[in-house]
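Reader: Could you walk me through the labels people put on a model like this? I'd like the reasoning behind each one.

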Amino acid sequence: MERYDLVVIGAGPSGYAAAMRALDFKKKTLLIEKSKVGGAGVTNGALSSKTWWELSRETSAFRKSLKRYNIKVPHVNYKEVQTEVRKAVQERKSMLEEHMEMLQTTNYSQLLKFKIGSARLLSQNEIEITHGAHVEKVWADNVILATGSRPRYLPELPIDEKNVMTSEGIENMEDFPESMVIVGAGVIGCEYATIFSGFGRTKVHLIDKGERILPFEDDDVVRIIERNMENNGVLIHRNSRLISMKLVNDRVEYELEYTDGSREIFNVEKALVSVGRVANLEDLWEDKVGIDISKRGISNEDTQTNVGNIYAVGDLTADISLVNVGELEGRYAVERIFGKPNRKLIYENISTIMFLSPEVAGVGLNETQAQEKGMDYKVVTLEYSTIPRAIAKRNTQGFIKLLVTNDEDMKILGMKVVGNHASSAIQAVAVLISMDKGIEELAECVHPHPSITEGIQECVRMLMGKSLFKPSALRGRLSCRRCVKGLYEDIVF
């Protein structure tokens, strides 16, 4: 039985990152993957869906430009778009595989081994690997579980991955459907609504059980996203509950019940079910191994399970299910096993991005979360129409919002950016949040001009009473307020 310092089960973003970090400690490492290197983060998750989004955004922008010059909009070829997405996935997958192959020609060649197969813990140290008819056992001093997740199925829905699909089946359609209903108005559902409406070939219906989509987001964010969706032809079924869904003549028929008791039946070509993901835990260990699990995943303390030498990272845990978080957890787990992390694993400074229209990026708390915690805070908002770069791009839809503590220190609580280049504007703030710093550092930075990040600097200057534009003069475009016990008041200098 071959022995390893570390065995990582799952070669998705979390597992791959963990294995590569173990090489830094010069530890003998085995990485096991039963399907595709890169996991859902590459094949039918983050990379593929965001490639769809980029191509949809390009198509939408191109279509608008043609209208400006009174040129007829050309037909969008689904197969060409699908081929481009698959090329992107293959590029990333090939890079990950090539990297492991090339490591065998370096000083890491005796440290890393990669095996294809299904892994199962027989004990806290023994692992059985099955690939076809071949079965072998290995010994692991330490184990990291990183088997990821899959789309959640609703048993009452006729999911066949052809007419009624999850994110796994939607990649294999033959053409743009003329109509599609999306069950679930969370981030993934809204992203797919944005993607398919952006191509201009699909009438999208979006089922939302509440009064508005994205219930965890602030009202001002949601208003922009909903307005753009509806301007793009998306039908949002607000305050609705899905009563039934069935296939009728190879089409999807669904019935909704609204909060006022009324019901309505719709008929569309396809359906996408986007109601979350479930951890891949089945047959991962023998009962005697004794790993504790909860309804949300594997119970853990800073990635360590109740079994001392076994760690869980990524979508297997109850923490945030994002690629960047999974990679962070994978690396952190290795540092806990073989070293001593420089800092505790924290999630407050995790940057997020929603690929909508426009894109939405954030870090730290938003106003909804701050108010739920009963916090008082200062908040400043600046519209994109005041930022030269946004004006130059001829797209001033969006805003920057910065939250700080309601005291003289004005430590940064969070930031939200809605608009073009949103994701590139938040990294400096993420660092300051992790350092528990105030806003002075941002005020004195010299930003490139013109850039969206200049808007962040202007937000900070507003809070310090020395902004270029005065919020009292440009009401509606700028605001600088204090929220105390849920009530707002303008900050006057």
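Author: Below, each label is set against its cut-off. Keep in mind that this is a predicted model.

Reader: Let's begin with helices. What makes α2 oblique to α4?

Author: The angle does. Helix α2 (residues 46-68) and α4 pack at about 40°, with axes 8 Å apart. Angles under 35 degrees count as roughly parallel and 65 to 115 as roughly perpendicular, so α2 ends up oblique to α4. As for handedness, α2 passes α4 in a left-handed crossing.

Reader: Which residues make that contact?

Author: On the α2 side they are Ser-49, Lys-50, Trp-52, Trp-53, Leu-55, Ser-56, Thr-59, Ser-60 and Arg-63. From α4 come Glu-191, Tyr-192, Thr-194, Ile-195, Ser-197, Gly-198 and Phe-199. Sorted by class, the contact of α2 with α4 has six nonpolar, seven polar and three charged residues.

Reader: And why is α1 called roughly parallel to α3?

Author: Same test. Helix α1 (residues 13-24) and helix α3 (residues 78-103) pack at about 25°, their axes 13 Å apart. The cut-off for roughly parallel is under 35 degrees, so α1 earns that label against α3. Their crossing is left-handed. Tyr-16, Met-20 and Leu-23 of α1 meet Leu-96, His-99, Met-100 and Leu-103 of α3. That contact has six nonpolar, one polar and no charged residues.

Reader: On to burial. Why is Ser-49 called buried?

Author: Buried means under 20% relative accessible area, and Ser-49 has 8%, so the label fits. Ser-49 sits in helix α2. Leaving out residues up to four places away in sequence, Ser-49 touches Tyr-192 and Ile-195.

Reader: How do you know that Phe-196 is buried?

Author: Its relative accessible area is 2%. With the cut-off at under 20%, Phe-196 therefore counts as buried. You'll find Phe-196 in helix α4. Its contacts, not counting residues up to four places away in sequence, are Ile-170, Met-173, Phe-176, Pro-177, Met-180, Arg-201, Thr-202 and Val-204. For a sense of spacing, Phe-196 and Tyr-258 are 62 residues apart in sequence and 25 Å apart in space, C-alpha to C-alpha.

Reader: What about Leu-30: what makes it buried?

Author: The value is 0%, and buried means under 20%, so Leu-30 qualifies. Leu-30 belongs to strand β2 (residues 29-33). Beyond residues up to four places away in sequence, Leu-30 touches Tyr-4, Leu-6, Val-7, Val-8, Lys-113, Phe-114, Lys-115, Ile-129 and Val-138. Arg-86, on the other hand, lies 56 residues from Leu-30 in sequence and 28 Å away, C-alpha to C-alpha.

Reader: Why is strand β13 said to be largely enclosed by the rest of the structure?

Author: Count the buried residues. In β13 (residues 251-258), six of the eight are buried, so the strand is largely enclosed.

Reader: How do you know that β13 pairs with β12 and β14?

Author: Pairing needs at least two bridges. Eight bridges join strand β12 (residues 240-248) to β13, and those two run antiparallel. Six bridges link β13 to strand β14 (residues 263-268), again in the antiparallel sense. Because the minimum is two bridges, both count as pairs. For landmarks, Ser-240 has Tyr-258 of β13 as its bridge partner, while Glu-253 stands opposite Asn-267 in β14.

Reader: What sits in the turns of those hairpins?

Author: Two residues separate β12 from β13, and Asn-249 in that turn has a positive phi of about 55°. The hairpin of β13 and β14 has four residues between the strands, with Gly-261 at a positive phi near 95°.

Reader: One more sheet, then. What makes β8 and β11 edge strands?

Author: Five strands form an open, parallel sheet in the order β8-β15-β9-β10-β11. Both β8 (164-165) and β11 (235-237) pair on one side only, and that is what the edge label rests on. Further in, β9 (residues 179-183) and β15 (residues 270-273) pair in the parallel sense over four bridges, with Val-181 partnered by Ala-271.

Reader: Where does α4 lie relative to that sheet?

Author: Helix α4 (residues 187-199) lies across β9, β10 (203-207) and β15, running at about 165° to β10. Over 145 counts as roughly antiparallel, so α4 and β10 are roughly antiparallel.

Key:
Residues are numbered from 1 along each chain as its sequence is written. This is a predicted model: local features need pLDDT of at least 70, side-chain atom pairs count only at pLDDT 80 or more; totals for chains, interfaces and linings use all residues. Side-chain values use heavy atoms; hydrogens and water are left out. Contact means heavy atoms within 4.5 Å. Axes are lines fitted to C-alpha atoms, for helices over the stretch in contact, and angles run from 0 to 180 degrees between N-to-C directions. A crossing is left-handed if the near helix is turned anticlockwise from the far one by less than a right angle, and right-handed if clockwise. Ala, Val, Leu, Ile, Met, Phe, Trp, Tyr, Cys and Pro count as nonpolar, Asp, Glu, Lys and Arg as charged, and the others, Gly among them, as polar. Buried means under 20% relative accessible area, exposed over 50%, partly exposed in between (1.4 Å probe, protein chains only).
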